[in-house]
Amino acid sequence: MEFNYLVNQNCVELMNSMDENSIDLTITSPPYDQLRNYEGYDFDFKSVADGLYKVTKQGGIVVWVVGDRIKNGNKSLTSFKQAIYFQEIGFNVHDVMIYRKKNTPFMRSNAYTNCYEFMHVFSKGKPNTYNPIMIDTVRQGFEKMPTNKGPDGVNNKVIGKLNSKKARTNIWEYAVGMHGTTSDKIAFEHPAVMPEKLAEDHILSWTNEGDLVFDPMCGSGTTCKMALKNNRKYIGCDISKEYIEIARKRIDLVSK
Ligand SMILES: C[S@@+](CC[C@H](N)C(=O)[O-])C[C@H]1O[C@@H](n2cnc3c(N)ncnc32)[C@H](O)[C@@H]1O
């Protein structure tokens, strides 16, 4: 199957023409709850989810970055309903991760400021790849550690080496806006750009070099750009010609 291309098409049509079991990782942020109009385009959620199940490899992953609209003081919970649908069609809900925004301008007068979106991680069976991102532990060096309590009730302590690294938690935090989301000025011609680092961290976690990364609703091309930068193959699709042009320019910047 072809790869390393961007296409201006409805992703449902594209997925109909793609090979089954061909994608290692999808990272996408769908238009949710008509929060933004994206030049009037809407999308048929169930057909997109069904298409993703078809094209995802056994052991492949879909990262679905989504939030909920608040209307008349009521959260839509669309993100939950969608997660349940993904599960019903055969995906495992491997994790429900949080994308925490460091700077959030939007305030509510009678509720705490919302500062996150969900990153639903769906897997088709057991994930083929998991390369956890490691961080430094707070306490390092050597420490007296308890060993198993013996029959005499004495809990002996022995000197042990503390791990200097541990895997991150499933709450990831990113700055948003210029130089946070990206430093590509042109990307902001799209109204809802995802942080590059978010895409990169998922690419590093769930794929290896040479794997194929897909974004069916790629907007300004963040997922594809980060796949290319990290020596993965990519396919990007967007229903808007204007957004695909932005994505092309960003990919060209990397290629150069
Ligand atoms: C939240 S934006 C994605 C932003 C992207 N993650 C980025 O970093 O720029 C959602 C995108 O879905 C696209 N879209 C909506 N319906 C679509 C469809 N049926 N097929 C392909 N793209 C679609 C919109 O044009 C919009 O660019």
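What follows is a short walk through the fold, the main sheet, the core and the ligand shell of this model.

The model is predicted, so to speak of a local feature takes a pLDDT of at least 70 and side-chain atom pairs count only at pLDDT 80 or more, while totals for chains, interfaces and linings use all residues. Residues are numbered from 1 along each chain as its sequence is written.

The protein chain has six helices and 14 strands, taken as DSSP runs (H or I over at least four residues for helices, E over at least two for strands) and numbered from the N terminus. Its C-alpha trace spans about 70 × 50 × 40 Å along the principal axes. Of the 256 residues, 32% count as buried, meaning that 20 or more other C-beta atoms, placed from the backbone, lie within 10 Å of the residue's own (12 or fewer is exposed, in between is partly exposed). Among contacts between residues at least 6 apart in sequence, 70% join residues at least 24 apart; a contact here is two C-beta atoms, placed from the backbone, within 7 Å.

Much of the picture hangs on an open sheet of eight strands, in the order E1-E14-E13-E2-E3-E7-E6-E12 and with mixed pairing. E1 and strand E12 (171–174) sit at the edges with a single partner strand each, so one side of each has no neighbour in the sheet. On average, neighbouring strands are turned by 20° against each other, direction ignored. Strands pair if DSSP finds at least two bridges between them. E3 and strand E7 (residues 116–123) do this in the antiparallel sense over six bridges, and Val62 stands opposite Phe122 in E7. Strand E6 (residues 92–101) also pairs with E7 in the antiparallel sense, over eight bridges, and there Val93 stands opposite Phe122. E6 and E12 pair in the parallel sense over four bridges, with Trp172 in E12 as the bridge partner of Tyr99.

Helices pack on this sheet too. Helix H2 (residues 45–55) lies across E2 and E3, running at about 145° to E3; axes are lines fitted to C-alpha atoms, for helices over the stretch in contact, and angles run from 0 to 180 degrees between N-to-C directions. H5 touches E1, E2, E13 and E14, and its direction makes about 170° with that of E14. Helix H5 (residues 222–229) is mostly covered, with six of its eight residues buried: Thr222, Thr223, Cys224, Lys225, Met226 and Ala227. Besides strands, these buried residues pack against helix H4 (196–206) and helix H6 (241–255). Just after H5, Asn231 takes a positive phi of about 60°.

The largest nonpolar core (buried Ala, Val, Leu, Ile, Met, Phe, Trp, Tyr and Cys residues joined through C-beta atoms within 7 Å) has 45 residues, and Val63, Val213 and Ala247 have the most contacts inside it. Strand E3 (residues 56–66) gives the most to this core, with six residues. Leaving aside neighbours within four places in sequence, Val213 is in contact with residues including Leu25, Ile203, Thr223, Ala227 and Tyr234.

Around the ligand stand 24 residues, the closest being Phe43, Met217, Gly219, Ser220 and Thr222; to be near, a residue needs its C-beta atom, placed from the backbone, within 6 Å. Helix H1 (11–17) and strand E14 (233–238) are the elements that give two or more residues to this shell. The shell divides into 16 nonpolar, seven polar and one charged, where Ala, Val, Leu, Ile, Met, Phe, Trp, Tyr, Cys and Pro count as nonpolar, Asp, Glu, Lys and Arg as charged, and the others, Gly among them, as polar.
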